[in-house]
Amino acid sequence: HPPVEARAGDVIFCPAGTGHSVETIGDGPSLRVAVVPRDAGARKASGGPGRDAAVAPGGPPNMIHTRVAGMLELFGPPKWTEHVVIDDRNKAGFIHYAPGMSSNPHWHPGLDEWWIVLKGELRWRIGSNRPLIEARQGDIVFIPEGLKHGITSVGDDPTVRLAVTP
């Protein structure tokens, strides 16, 4: 596959066993969040053949490279959720809310959930008698399994977050 140039908020899906390398483009620092099993170890190119990645036809989920801007163009105005990664280990999806939209309070038995805020401002109400969490672009919020939570888009702009669950 040709090299992929990712920008802030893009999702790169590298199927298990697929060879890859990552380098920063330009002079400034870069930051990436990797979602891998706890016991996953890296293998150097000389450590085995690896395999080639298959690209999902026609769109998400499981495309090698998913751009936030492309998802916003494809799915239009809020409110929507679209999964960009679904495999036997992880599920990740973009969630797009207009200002003031919120989820109903809910919980997930048997799984943790976490989010990366990609655009806008969000408020999490977690459990009872806990302080509200206010998160902005670049922030990560984690909720352990079984903990009741609700999420509201605050501010004047739409929000986009990437939700990740095992």
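## A buried threonine

Thr-165 has a relative accessibility of 9%. Buried means under 20%, so Thr-165 counts as buried. The model here is a predicted one.

Thr-165 sits in strand S10. Which residues does Thr-165 touch, leaving out those up to four places away in sequence? There are two runs of neighbours to look for. One is Arg-89, Asn-90 and Lys-91. The other is Leu-111, Asp-112 and Glu-113.

## The chain as a whole

The chain has 166 residues, and 32% of them are buried. It holds 1 helix and 10 strands. Read from the N terminus, the order is β-β-α-β-β-β-β-β-β-β-β.

The surface comes next. About 10900 Å² of the chain is exposed, and carbon and sulfur atoms supply 52% of that area.

Now take the contacts with a separation of 6 or more. Of these, 66% join residues 24 or more positions apart.

## Two nonpolar cores

In soluble globular proteins, nonpolar side chains tend to be buried together. In this chain, the largest nonpolar core has 15 residues. Which of them have the most contacts inside the core? They are Val-11, Val-84, Val-85, Phe-94, Leu-118 and Leu-162. Several elements give two or more residues to this core: helix H1 (68–75), strand S3 (80–86), strand S4 (91–97), strand S5 (113–119) and strand S10 (159–165). Another core lies apart from it, with 12 residues. Trp-115, Trp-124, Val-141 and Ala-163 are among them.

Val-11 shows how the larger core is joined up. Set aside its neighbours within four places in sequence, and Val-11 is in contact with Val-84, Val-85, Phe-94 and Leu-162, among others. Each of these four is also listed with the most contacts inside the largest core. Val-11 also contacts Ile-64, His-65 and Thr-66.

## A three-stranded sheet

One open sheet has 3 strands, in the order S7-S6-S9. The pairing is antiparallel. Which strands stand at the edges? They are strand S7 (133–136) and strand S9 (149–154). Each has a single partner strand, so one side of each is left without a neighbour in the sheet. From one strand to the next, the twist averages 25°.

Look closer at one pair. Strand S6 covers residues 121–126 and pairs with S9 over 6 bridges, in the antiparallel sense. Where does Leu-122 find its bridge partner? The partner is Ser-153, in S9.

Notes: Residues are numbered from 1 along each chain as its sequence is written. This is a predicted model: local features need pLDDT of at least 70, side-chain atom pairs count only at pLDDT 80 or more; totals for chains, interfaces and linings use all residues. Side-chain values use heavy atoms; hydrogens and water are left out. A nonpolar core is a set of buried Ala, Val, Leu, Ile, Met, Phe, Trp, Tyr and Cys residues joined through side-chain atoms within 4.5 Å. Buried means under 20% relative accessible area, exposed over 50%, partly exposed in between (1.4 Å probe, protein chains only). Helices (H or I, at least four residues) and strands (E, at least two) are DSSP runs, numbered from the N terminus. Contact means heavy atoms within 4.5 Å. Accessible areas come from the Shrake-Rupley method with a 1.4 Å probe; for residues, only the protein chains shown count as cover. Two strands pair if DSSP finds at least two bridges between them. Axes are lines fitted to C-alpha atoms, for helices over the stretch in contact, and angles run from 0 to 180 degrees between N-to-C directions.
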